[in-house]
Amino acid sequence: MNDTRWYCRLGILCVFFIVFGKQDVPFAQDLAPVVSADASDKISLDIKGMDVVDVLKMLALKTNLNLVIDKNVSGRVTVFLKDVLPDEALVVILASSGLVLEKQGAISRIMTAQDYEQLNGYNYNDPRRMVRIKCKYAEPQELFKVLNEVKSNIGRIMIDEATHTVILFDTEKKNAQMAKMIEEMDLPLETQTFALNYARCEKVAELLRDVISKNIGRIILDVRSDKIMVTDYASNAKKVSDIVASLDDRTKEVLIDAKIVQVNLDDKTSLGIDWEYVLNKKLDIKGMFGNVITTTGNKWTIGKLDPGNPQDYRAVIEALKTEGRTKILSSPRLTVVNNESAKILVGSKQVYVTTTAVQSQATTETAEAVNFVDVGVKLYVTPTISPDGFISMKVRPEVSSVVQTYRTAAGNTIPIVETSETETTVLMQNGSTLVIGGLIKDEKIKNVNKIPVLGSIPLLGVLFRNTVDEVKKTELAIFLTCQILKFEPSSNPSN
């Protein structure tokens, strides 16, 4: 037994001589393990079943390391390496034996991986490392939204609001990448306040959300004063200011001068006004009435009078008198903001009552509700001004009348309304007139002819009077002259 120990010690001693270049030992070639070094300090290892502590001591001498080996380090090593650096050999041996190296100043401590995890709280082979970065300007919570999209699947990001710190726990590569992003995003922020004159702050804020820096910029609205506050990088401030200035532009308006004319049709014109005949034959103004649109169903006719003479449409109204007795029902004049809708109603509100029964445990109560329905001529217009001065006019005329009534079981009378409507969009020059025709309706009139006094006698009066039902056919013509209003700049700086 003593002889065996003596031979082992002799073998280790021979290895040390070989590592340090003592190649003149005559029996070194026959001993194992063997460590040899070449001129470039590379070594070759041929070790089989050698105690790991002895191998570590040997490599410590070669690499000039101050090693402290924990008591739990044990086991044997078998490696066959050729022409490798001592540091590389040390890494391989530690990995194969489940050992780790932790540097504490000039001293390197070798311990098992389990002891390292108990001591430090995480696995030595875990590629994640913790990095703390304190923010100067940016909000950590806002940075978290961006960094959370960049981290790896095993990474974590934590925020410490109290110290304004972002904590990264990821691989070294990801930590470096995210640290660079934080450096680029942690820049001074600038807050601008805009007092809007024409635009609504809600609409402007909706458009600015696509312009400001994502997850960094902030928008605060004050609806009461129509102000908007934008916080973003200083480099983005001018871009935001230019966009707000372009959006807060004075809204253009369109002046609409409308004429609603009623023409009583006779037998000759029972099918409606022949606009081509009136304009071309009566007035001989070919070319002024362009882009005529006619719908075959209700014979709607829509055309435009060129703006050469703003009063030309008056001549058209005079020409309509040849088609039947004319009457101007309404001449509204209104101003409409660009891209907003306006409504013109010439008629009345028909009233009808509905009854609702409410059943309770003891009694049944009825409630009456008064309802209104618009009857007459309704016109909806929506102008859109183009940059070249043209007006795209969306028009929806509607003509309605009560044709009969319906009596419910509760005794309520509900009017039955007959409606005729159409909708179109016409491109007009500034100052031109839009003409809408074909709004034909039938009105039933009951005429009573009687002999004075005798026709009013009860019962016997029927012998001295007669009733004639007459259908009166009328057509409505609508003239819309559209003019873009021009605003002169105010000389008062405070406006």
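## A predicted chain and its contacts

Leaving aside residues up to four places away in sequence, Ser400 touches Asp374, Val375, Gly376, Val417, Glu418 and Thr419. Ser400 belongs to strand 20, which covers residues 391-407, and because its relative accessibility is 2%, Ser400 counts as buried. The model in which these contacts appear is a predicted one.

As for the chain as a whole, its secondary structure comes to 10 helices and 24 strands, and buried residues make up 37% of its 495 residues. Among contacts with a separation of 6 or more, 64% are accounted for by residues 24 or more positions apart. The chain exposes about 30100 Å², of which carbon and sulfur atoms supply 51%.

Confidence deserves attention before details are read. The average pLDDT of the chain is 76, and 75% of the residues score at least 70. Over residues 284-300, however, the pLDDT is below 50, although this stretch has 41 contacts in the model beyond near neighbours in sequence. Residues 491-495 also stay under 50, and for them the model has 1 contact beyond four places in sequence. Where pLDDT is low, predicted coordinates should not be read in detail.

The whole structure contains 12 salt bridges, including the three listed here.

| Salt bridge | Closest N to O distance |
|---|---|
| Arg109 and Asp70 | 3.2 Å |
| Lys180 and Glu184 | 3.9 Å |
| Lys378 and Glu398 | 2.9 Å |

Arg109 forms its salt bridge with Asp70; Arg109 lies in strand 6 (residues 107-112) and Asp70 in the loop between strand 3 (66-69) and strand 4 (76-84), so the pair ties together parts that are 39 residues apart in sequence. Arg109 is partly exposed, with a relative accessible area of 25%, whereas Asp70, at 16%, is buried.

In the salt bridge between Lys180 and Glu184, the partners are 4 residues apart in helix 6 (residues 172-185), and therefore separated by about one helical turn.

Lys378 and Glu398 meet through their side chains, and this pair links distant parts of the chain, with Lys378 in strand 19 (residues 364-385) and Glu398 in strand 20, 20 residues apart. Both Lys378 and Glu398 are buried. Elsewhere, Asp257, Lys259 and Arg333 are joined into one network by salt bridges that share partners.

At the surface, Ile457, Leu459, Leu460 and Leu463 make a nonpolar patch of about 450 Å². Leu459 is placed in the loop between strand 23 (433-450) and strand 24 (465-484), and it counts as exposed because its relative accessibility is 77%.

Methods:
Residues are numbered from 1 along each chain as its sequence is written. This is a predicted model: local features need pLDDT of at least 70, side-chain atom pairs count only at pLDDT 80 or more; totals for chains, interfaces and linings use all residues. Side-chain values use heavy atoms; hydrogens and water are left out. Patches are made of residues with over 30% relative accessible area and no salt bridge: like charges are joined within 9 Å, nonpolar side chains (Val, Leu, Ile, Met, Phe, Trp, Tyr) within 5 Å. Accessible areas come from the Shrake-Rupley method with a 1.4 Å probe; for residues, only the protein chains shown count as cover. A salt bridge is a side-chain nitrogen of Lys or Arg within 4 Å of a carboxyl oxygen of Asp or Glu. Helices (H or I, at least four residues) and strands (E, at least two) are DSSP runs, numbered from the N terminus. Buried means under 20% relative accessible area, exposed over 50%, partly exposed in between (1.4 Å probe, protein chains only). Contact means heavy atoms within 4.5 Å. pLDDT is the predictor's confidence in each residue, from 0 to 100.
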